[in-house]
Amino acid sequence: MAQLIKSPSIIKAAGNKEKIIKEFFGHVNSKTSEVSIAHMKSPEGWSEPGQSPKFNEYTLVLKGKLSITTKNEEFEVF
């Protein structure tokens, strides 16, 4: 079923610094629990506690660097 998303919802993020999350598609904006599509802008040095979301989350780094630590490995994405 088609759904028109007119604008993103602003979501407050956990973490050590203020971060902007604009959710276009997901739990808040479209009542969908399977996937979240959002634009996020994080300040340098931002970090958050580890998470295990119950939805598919994908990250595309457009500018800067993202460091990810999982239970088994670490990644740096530029």
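Strand 5 and strand 6 (residues 74–77) form an antiparallel pair held by 4 bridges. The model described here is predicted. In the pair of strand 5 and strand 6, isoleucine 68 faces phenylalanine 75 of strand 6. The link between strand 5 and strand 6 is a hairpin of 4 residues.

**Overall make-up**

The protein contains 0 helices and 6 strands, and its pattern along the sequence reads β-β-β-β-β-β. Along the principal axes, the C-alpha atoms occupy a box of roughly 40 × 25 × 20 Å. The protein has 78 residues, and 15% of them count as buried. Its accessible surface is about 6900 Å², with 55% of that area belonging to carbon and sulfur atoms. Among contacts with a separation of 6 or more, 20% are between residues 24 or more positions apart.

**The sheet of strands 1 to 4**

An open sheet is built from 4 strands in the order 1-2-3-4, with mixed pairing. Strand 1 (9–12) and strand 4 (56–57) are the edge strands; each has a single partner strand, so one side of each has no neighbour in the sheet. The pairs within this sheet, together with the pair of strand 5 and strand 6, are set out below.

| Strand pair | Sense | Bridges |
|---|---|---|
| Strand 1 and strand 2 | antiparallel | 4 bridges |
| Strand 2 and strand 3 | antiparallel | 5 bridges |
| Strand 3 and strand 4 | parallel | 2 bridges |
| Strand 5 and strand 6 | antiparallel | 4 bridges |

Particular residues fix the register of these pairs. Isoleucine 11 is set opposite isoleucine 21 of strand 2. Lysine 22 has histidine 39 of strand 3 opposite it. Where strand 3 (residues 35–41) runs parallel to strand 4, valine 35 is placed opposite asparagine 56 of strand 4. In a regular strand, side chains point alternately to the two faces of the sheet.

**Residues in strands 3 and 4**

Serine 36 belongs to strand 3. Its relative accessible area is 19%, and serine 36 counts as buried because the cut-off is under 20%. Outside its neighbours within four places in sequence, serine 36 is in contact with Glu23, Phe25, Gly26, Phe55 and Asn56. Asn56, one of these contacts, is also the residue opposite valine 35.

Glutamate 57 is part of strand 4. Its relative accessibility is 43%, so glutamate 57 counts as partly exposed, a class that lies between the limits of 20% and 50%. Glutamate 57 and glutamate 34 are 23 residues apart along the chain, and their C-alpha atoms are separated by 9.0 Å.

**Residues in the loops**

Lysine 31 sits in the loop between strand 2 and strand 3. Its phi is positive, about 60°, although lysine 31 is not a glycine. With a relative accessibility of 68%, lysine 31 counts as exposed, because that class begins over 50%.

Glycine 45 is located in the loop between strand 3 and strand 4. Apart from neighbours within four places in sequence, its contacts are Asn16 and Lys17. Between glycine 45 and glutamate 18 there are 11 Å in space, C-alpha to C-alpha, for a sequence separation of 27 residues.

**The largest pocket**

The volume of the largest pocket is about 1900 Å³. Its lining consists of 47 residues, and those nearest the centre are Lys19, Met40, Glu57, Thr59 and Leu66. Strand 1, strand 2 (20–25), strand 3 and strand 5 (66–69) are the elements that each contribute two or more residues to this lining. Strand 3 contributes the most, with 7 residues. Sorted by class, the lining comprises 20 nonpolar, 17 polar and 10 charged residues.

Several of the features above meet at this pocket. Glu57, among the residues nearest the pocket centre, is the partly exposed glutamate of strand 4. Strand 3, the main contributor to the lining, pairs with strand 2 over 5 bridges and with strand 4 over 2 bridges. Strand 5, which also gives two or more residues to the lining, is the strand joined to strand 6 by the hairpin.

Technical notes: Residues numbered from 1 in each chain as written. Predicted model: local features only at pLDDT ≥ 70, side-chain atom pairs only at ≥ 80, totals over all residues. Heavy atoms only, no water. Pairing = 2+ DSSP bridges. 1 Å grid on protein atoms, 1.4 Å probe; cavity = no way out; pocket = protein on both sides within 12 Å on 5 of 7 lines; lining within 4 Å. Points joined across faces, edges and corners; volume = space filled by probe spheres on them. Nonpolar A, V, L, I, M, F, W, Y, C, P; charged D, E, K, R; others polar. Contact = heavy atoms within 4.5 Å. Buried < 20%, exposed > 50% of the residue type's maximum accessible area, 1.4 Å probe, protein only. Areas by Shrake-Rupley, 256 points an atom, 1.4 Å probe, with all protein chains shown as cover.
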